[in-house]
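Got your viewer open? Load the model below and follow along, making one selection at a time.

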Amino acid sequence: MSKDKNIVRPEWVPEGADEAVFTTNVMKGVKGGHDGMPGQSVSGTRTVTPRRRELSVAQYEDGVLSGNRTLLARAITLIESNAPAHFDKAQELLTRLLPHSGKAVRVGITGVPGVGKSTFIEAFGMHLCKEGHKLAVLAIDPSSTITGGSVLGDKTRMELLSREQNAFIRPSPSGGVLGGVARKTRETMLLCEAAGFDTVLIETVGVGQTEVVVRSMTDFFLLLLLATQGDELQGIKKGVIEISDAIFVNKADSDNIPRAMAKQAELQGVLSFLAQATSGWNTRVGTCSAMTGDGIPEVWKTISDFVDYTKSKGLFEKRRNAQLIDWMHTLIKEYLIGAFYQNPAVTPALKQAETDLLSQKTTVSAAAAKILREFTGAKI
Ligand SMILES: Nc1nc2c(ncn2[C@@H]2O[C@H](COP(=O)(O)OP(=O)(O)OP(=O)(O)O)[C@@H](O)[C@H]2O)c(=O)[nH]1
Ligand SMILES: [Mg+2]
């Protein structure tokens, strides 16, 4: 049980989990017996429902728009649910909130394990909050579980930020394939924007395709590097450098400063041979220390410059629009693939085709076309 009676178990934490695993402590309402409503007075005819009771779309909408963190967390849980009934409700909520979304600067951040992402997010986040920003921190990590998400895993490195009123930290949705996790993170971002967060930071651990997925939903992409190792040792693929709008060499402190400077110069050289991640914008290279805070304001300055530049050229909106359309096509492809493999006519046809292929009774093209005909019922 929680030692502090004011601390309420967030929605996504399993029953019985120790309070130490909470990334964000949600404060209980002071009066009125409304469990889990943090100091939020909901006036007028709308009454506050206890946490366990199902909420209406209007109640979620009200809660999110008023910046109620508990209801925001619950709305995210609704979006993350795989239950078909929740899907319709979540989509209705999102539709209502859409006009209030889109106003945040969306920043993606990646770097190999140990580069200092969590420490960086803590320092960077605190800097932003001090400047009066409201920051939401999300993560994409398809391998994560409720106790092992990349953001949640290192709560100790985000101790200040997790207590900061202007910050909201949400771990990666648990389990599932990358596509599903990405959809949930994307929709969570929209909810956070509707709740008034002006900066959304999406962290990825950079396994497989996650950087590309995070790039596809953010305005700005930041890569953190180390000075001490070669890029291959850091598992950095050239492709990641090519999609980054800024690269900061972290841990530029004490003895490491000269190495960090050398790395910065080396990167500058490499970048001159690569295409720009955002047309007209020269990928910025810098050094920073998440530990001392040196260079952290420069990261934000870089992002602000980038936003000013891309907005002035119409590139900001253009990228957002393209991302929106691409996202729809991605979802269509995912739904189609799912519908195809779950189709009862497809399974036996696939099995038969595999046998026919191995006994050289048919060609791959003919077999694929036959199965697709089973699926669509039409000739292709
Ligand atoms: N000297 C120095 N150490 C740092 C700095 N930033 C992070 N560290 C240390 O590096 C280690 C890894 O930091 P994390 O913030 O956990 O790194 P991460 O990228 O989040 O790692 P994963 O969550 O495993 O992906 C910790 O021991 C930090 O204290 C820095 O700027 N300077
Ligand atoms: Mg981390």
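At what angle do the axes of helix H2 (residues 69-80) and helix H7 (residues 178-194) cross? Select both helices: the axes cross at roughly 150 degrees and come within 10 Å of each other. Angles over 145 degrees count as roughly antiparallel, so that is the label for H2 and H7. As for handedness, the crossing of H2 and H7 is right-handed.

Now show the side chains where this pair touches. On the H2 side, pick Leu72, Ala75, Ile76, Ile79 and Glu80; on the H7 side, pick Lys184, Glu187, Thr188 and Leu191. Colour them by character and you get 5 nonpolar, 1 polar and 3 charged residues in the contact of H2 with H7.

**Zoom out**

Before going further, keep in mind that this is a predicted model. Switch to cartoon view for the whole chain, which has 14 helices and 9 strands. Its 380 residues include 40% that are buried. If you plot a contact map, look away from the diagonal: among contacts with a separation of 6 or more, 69% join residues 24 or more positions apart.

**The ligand**

Next, select ligand 1 and the residues around it. There are 18 of them, and Pro113, Gly116, Lys117, Ser118 and Thr119 come nearest. Which helix gives the most to this shell? Highlight H4 (residues 117-130), which supplies 3 residues. By character, the shell around ligand 1 holds 5 nonpolar, 8 polar and 5 charged residues.

**Another helix pair**

Move on to helix H13 (residues 346-358) and helix H14 (residues 364-376). Their axes lie 9 Å apart, and the packing angle is about 165 degrees. H13 is therefore roughly antiparallel to H14. The crossing of H13 and H14 is right-handed.

To see what they touch with, show Val346, Ala349, Leu350, Ala353, Asp356 and Leu357 on H13. Then add Val364, Ala367, Lys370, Ile371, Glu374 and Phe375 on H14. The contact of H13 with H14 has 9 nonpolar residues, 3 charged and no polar ones.

Stay here and select the loop between H13 and H14, where you'll find Gln360. Most residues other than glycine have a negative phi. Gln360 is not a glycine, yet its phi is positive, at about 55 degrees. Is Gln360 buried or exposed? Gln360 counts as exposed because it has 7 C-beta neighbours inside 10 Å, and 12 or fewer is the cut-off for that class.

**Around H10**

Now jump to the loop between strand E8 (246-250) and H10, and click on Ser254. Here is another positive phi on a residue that is not a glycine: for Ser254 it is about 35 degrees. Ser254 is exposed, since 9 other C-beta atoms lie within 10 Å.

Carry on into helix H10 (residues 257-271) and pick Val270. How many C-beta neighbours does Val270 have inside 10 Å? The number is 14, so Val270 counts as partly exposed.

For a last stop, keep Val270 selected and add Lys238. The two are 32 residues apart along the chain. Draw a distance between their C-alpha atoms and you should get 9.9 Å.

Definitions and conventions: Residues are numbered from 1 along each chain as its sequence is written. Chains are lettered from A and ligands numbered from 1 in the order in which they are written. This is a predicted model: local features need pLDDT of at least 70, side-chain atom pairs count only at pLDDT 80 or more; totals for chains, interfaces and linings use all residues. A residue is near a molecule or strand if its C-beta atom, placed from the backbone, lies within 6 Å of it. Helices (H or I, at least four residues) and strands (E, at least two) are DSSP runs, numbered from the N terminus. Ala, Val, Leu, Ile, Met, Phe, Trp, Tyr, Cys and Pro count as nonpolar, Asp, Glu, Lys and Arg as charged, and the others, Gly among them, as polar. Axes are lines fitted to C-alpha atoms, for helices over the stretch in contact, and angles run from 0 to 180 degrees between N-to-C directions. Angles under 35 degrees count as roughly parallel, over 145 as roughly antiparallel, 65 to 115 as roughly perpendicular and the rest as oblique. A crossing is left-handed if the near helix is turned anticlockwise from the far one by less than a right angle, and right-handed if clockwise. Two residues are in contact if their C-beta atoms, placed from the backbone, lie within 7 Å. A residue is buried if 20 or more other C-beta atoms lie within 10 Å of its own, exposed if 12 or fewer, and partly exposed in between; C-beta atoms are placed from the backbone.
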